[in-house]
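Biologist: Could you please take a close look at one sheet of this protein and describe how its strands are arranged? I would also welcome a word on what surrounds that sheet and on the rest of the chain.

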Amino acid sequence: MAELAEHTPGSTRNGGAAPADSRIAVIGMSCRLPQAPDPEALWRLLGDGVDAITPVPADRPDPAVLHDPDPAVPGRADSRWGGHLDRVDAFDAAFFGISPREAAAMDPQQRLVLELAWEALEHAGIVPSALRGQHAGVFVGAMWDDYATLSHRGGPAAIGRHTMTGLHRSVLANRLSYLLGLRGPSITVDTGQSSSLVAVHLACESLRTGESSLAVVGGVNLALAPESSVTAAEFGGLSPDGRCFTFDARANGFVRGEGGGVVVLKPLARALADGDRVLGVVAGSAVNNDGGGEGLTAPSREGQEDVLRRAYERAGVDPLSVQYVELHGTGTAVGDPVEAAALGAVLGAGRPAERPLLVGSVKTNIGHLEGAAGIAGLIKTLLSLGRRALPPSLHFETPNPAIPLDELRLEVVTGLRPWAEPDRPLVAGVSSFGMGGTNCHVVLEEAPRGAGAAPEAPPAHPLPYAVSGTTPEALRGQALRLRAWLDGDAAAGTGPAALSRALAGTRTAFEHRAVVVAADREELARGLDALAREQRAAGLVRGRAAADAGGLAVLFTGQGSQRAGMGRGLYEAFPVFARAFDAVCAALGGGLGEAVFGEDAEALNRTGTAQPALFAVEVALYRLVESWGVVPEFVGGHSVGEIAAAHVAGVLSLRDAAVLVGARGRLMEALPEGGVMVSVQAGEERVAPLLVPGAAIAAVNGPRAVVVSGSREAVSAVIGRLAELDVKSKELRVSHAFHSPLMDPMLEEFRAAVAGLDFHRPGIPFVSALTGGLVTDEIAHPDYWVSHVREAVRFHDAVRTLEAEGATAYLELGPDGVLTAMARACLADEAAAVLVPALRRQGDEARSLLTATAGLYAHGALGALPLGLPGRRSRPGPAGPRRPSPRPRIRVPLQPSPRRRAPVRRRRTPTGPMPPAPPRPPRTRCASAWRPSPPPTGCASSPSWCVRTRPRCWSTRARTGSTRRTASSRWGWTP
């Protein structure tokens, strides 16, 4: 990774190169912009050259109250154009844990920050909840408070308990920090129109100093109140044509735009080490102020030149290596020439005429997002770096005569085109300037080459694919999005393992869950289709993860479930199972593995083989699911299955457990054959009074499921009396009458065999089928295991104890689902529990096991979905949690929060619509700029001299509403 950190566009740097560990990676992003609800849609809009400017939507608060087409009318805006978002009142308050009342009092800009941050983190492959308690910073740029304007129209009566936090601009950042539990800086930045790019600069500084380990950075802008548009109009900034004519001769102001964007930042070295997908790199940045000049809001060429030079010096980047700059580019008669002159002086000087600096502005597509303008330009540039293409800057026909593009070595991008020198490392700049003179410039580089993780080989077994949603409708919607994604270009190069990992590990697991276990893309598509249509399908598991889900109990199957070849499919598919199985077989000795995987069912069914074989398979099964993160809160088993439970709980080492199970099976098999076992459909209370000498209750498997065992004569007498009572029974196929008096001859020899073993208290709560309750010290004694051979299996009592202790999920580990059906009948509240067998007698074992763990996950019994994929080296994640690394990064569909209508205040002014304003005298607006010039005749050559260009003026006449262009002849010299 160190090599990757060094092999970046830093090769273009000069001697002042910044160290590799000071560069900042962009690892995730999101946006909601006019006609572009996400970055993919934004790139399509940009590439297609779409102009997203429209009239003010009719559903906005009082859209016509403060508008007048006559620019001379005071208190009115003369433009009704803008780049607008749809459904600004749509917000799922419950998704973010916010009450409807508080949501109604919240500035929709706060809502937008929450939504965009969530999407950006998921785009980065970070589960938002994983950041809780970490020093992750939040930096948000914004400059308007339109919602406060609307709210205050209602007067004091409209003020409520949520008004302060709902309207205060500082809470834009603070609310996100509160929601995610972040302890890093939480700052709302307002430097005017440069706010969001300054937020990026501040976030990078926080990351470099170690103050933040990760940063969520963005900007938002919503034009909800007409007053803010009137303010911009009175300032003289709005274009009456409703377009940004950046660097064009028609430049006459900007058009307002709405929306926002968020990026996730992380130190580059850390991002590479963690295997993050790097979208681009912030090599450096700078912020300054014009520091005086002609006026508070007049741009300064010297100030802009200074911020450019400082940004490239701090980044260690040669200005001549920059191929593109995303302009501030508002399209104003004053601002455009100043920005162009500064770019020409710093980045254009020294360039050959045939290789000019390419420039453009996203404002020509979506309007000027003001406080969020910088983040919009940054995201556009990141997309251009990633796609290795530059989209057109619209509305450029005739260069502004005050901007000599050829002399400045600048060229406006007018069509979708490749970078000028795509074989060189791609370097770009992004500019944003505030009306009060706060300037910011950010230097971007393309992502390090070779930073992606090597693709994984497709596994030989099916994989689980997780989908979730906050509601059943959201779950179906996510299934539809994923299904559509499968048919798109983004999915074409995505391997099944990478997709399974991404869906399970980089998305929040919401309450309503589903998992599709599929062997190929076609099977996955069928499962998603069925999920979206609320139908059943093979491999589709649904569930609901309750917030108060109880514990998980693992139950180990007893004798009688064995089958030839059991575990062979797992042995071939999963190395963890194979290693564990081989270790148990080595401890038991005698070619056990061949007997288990062979075809001789009769040999396997012999007690001396069956019991060690079940122990080997069940221990290996446990080690496999344990490696997947399945950690039970309780363990138990049925008869010989308890030996596997005791071993995994720490009661016996593998060596000692092998001695115990080997002696048990061997001594039982050595007993004379004979006796009988019969299952009876009756409760223990009905059977026990009918017992005769030589017969015993061998197992209580349920409220109406008892097994009677002993000599044939004695058992037959009991069954005969039960038949008279119309109780049904069935004789079991067994070699011996287990758990009956016929076991007595082996007990002392068995006691002697296990007397020297090293027993311990269980490390996992152990529910005994011998006592029916929790056991501790008593299980760590030979007497327990001797009684375990002779006494009844009280499985019904054990399951009831598990239920009383809070177990709500049950995983059966064994060759078949024997205990699952029995346990379900034992529960007092079957509907509150989920019971799954790991394996079935028929079918693919890997699919069966993955489906079982998927069922547990879907019902909330497991914190993470087991994938059955090889484990990867782990290290702390973005700010602490351990995550696999390196890992592939793919663009799977995000999980946007369901957006429901959350009302936006629409109060009019207390007196209703504003009355017509009286006419006022004509106004004249002028714009001019300073340009370098030789000194006049007779004047010293020092200091430098500039000439003010001929002003371009607009004289407005209230009488006709016309606008007449005039020109002044005033010239002057100034040092």
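Modeller: The account below begins with the whole protein, turns to one sheet in detail, and then visits other parts. The model is a predicted one. The protein has 975 residues, of which 59% are buried. It contains 33 helices and 36 strands. When contacts between residues at least 6 apart in sequence are considered, 78% of them join residues at least 24 apart.

The sheet chosen for the close look is an open one of 11 strands. Its order is β5-β4-β6-β7-β1-β8-β15-β14-β9-β10-β12, and its pairing is mixed. As background, strands of a sheet pair through backbone hydrogen bonds, and the pairing is either parallel or antiparallel. At the edges of this sheet stand β5 (186-189) and β12 (410-412), each of which pairs on one side only. On average, neighbouring strands are turned by 25° against each other, direction ignored.

Within this sheet, strand β6 deserves particular attention. Strand β6 covers residues 214-221, and 8 of its 8 residues are buried. Leu214, Val216, Gly218 and Val220 point one way from the strand, while Ala215, Val217, Gly219 and Asn221 point the other way. The residues of both groups are buried.

Strand β6 has a partner on each side, with β4 and β7 beside it in the order of the sheet. Strand β4 (residues 136-141) runs parallel to β6, and 6 bridges join the two. One residue of that pairing is Gly137, whose bridge partner in β6 is Ala215. Towards strand β7 (residues 259-267) the sense is antiparallel, with 7 bridges to β6. Ala215 appears here again, for its bridge partner in β7 is Leu265. Ala215 is thus bridged to Gly137 and also to Leu265.

The next strand in the order after β7 is β1. Strand β1 (residues 24-32) runs antiparallel to β7, and 8 bridges join them. In this pairing, Gly28 stands opposite Val264 of β7.

Helices accompany the sheet. Helix α7 (residues 171-180) packs on it and touches β4, β5 and β6. The direction of α7 makes about 155° with that of β5. Helix α8 (residues 195-208) lies across β1, β4, β5, β6, β7, β8 (280-289), β14 and β15 (438-445). The direction of α8 is at about 170° to β6.

Aromatic rings provide a further link to this sheet. The structure holds 14 aromatic pairs. One of them joins Tyr324 and Trp419 in an edge-to-face arrangement, with 6.2 Å from centre to centre and 70° between the planes. Tyr324 belongs to strand β9 (residues 324-326), and Trp419 to the loop between β13 (417-418) and β14 (427-433), so the pair ties together parts that are 95 residues apart in sequence. Tyr324 and Trp419 are both buried. Elsewhere, the ring centres of Phe581 and Phe597 are 5.0 Å apart and their planes are at 20°; the pair is therefore stacked. Phe581 lies in helix α21 (residues 575-588) and Phe597 in helix α22 (residues 592-597), 16 residues apart. Phe581 has 1% relative accessibility and so counts as buried. Phe597 counts as buried because its relative accessibility is 18%, and the cut-off for buried is under 20%.

Further aromatic residues can be added to this picture. Phe91, Phe95, Phe96, Trp118 and Phe510 form one aromatic cluster. The charged end of Arg256 sits over the ring of Trp144, 5.1 Å from its centre. Arg513 lies over the face of Tyr857, at 4.7 Å from the ring centre.

Another sheet may be set beside the one described. It is open, has 4 strands in the order β22-β23-β21-β24, and pairs in the antiparallel sense. Strands β22 (695-702) and β24 (729-731) are at its edges with a single partner strand each, so one side of each is left without a neighbour in the sheet. Strand β21 (residues 676-680) pairs with β23 (residues 705-710) over 5 bridges. Within this pairing, Val680 has Val706 in β23 as its bridge partner. Helix α28 (residues 712-724) packs on this sheet, touching β21, β22, β23 and β24.

Technical notes:
Residues are numbered from 1 along each chain as its sequence is written. This is a predicted model: local features need pLDDT of at least 70, side-chain atom pairs count only at pLDDT 80 or more; totals for chains, interfaces and linings use all residues. Side-chain values use heavy atoms; hydrogens and water are left out. Rings of Phe, Tyr and Trp (its six-membered ring) pair if their centres lie within 6.5 Å; planes under 30 degrees apart count as stacked, over 60 as edge-to-face and the rest as tilted. Buried means under 20% relative accessible area, exposed over 50%, partly exposed in between (1.4 Å probe, protein chains only). A charge sits over a ring if NZ of Lys or CZ of Arg is within 6 Å of the ring centre and within 35 degrees of the ring normal. Two strands pair if DSSP finds at least two bridges between them. Contact means heavy atoms within 4.5 Å. Axes are lines fitted to C-alpha atoms, for helices over the stretch in contact, and angles run from 0 to 180 degrees between N-to-C directions.
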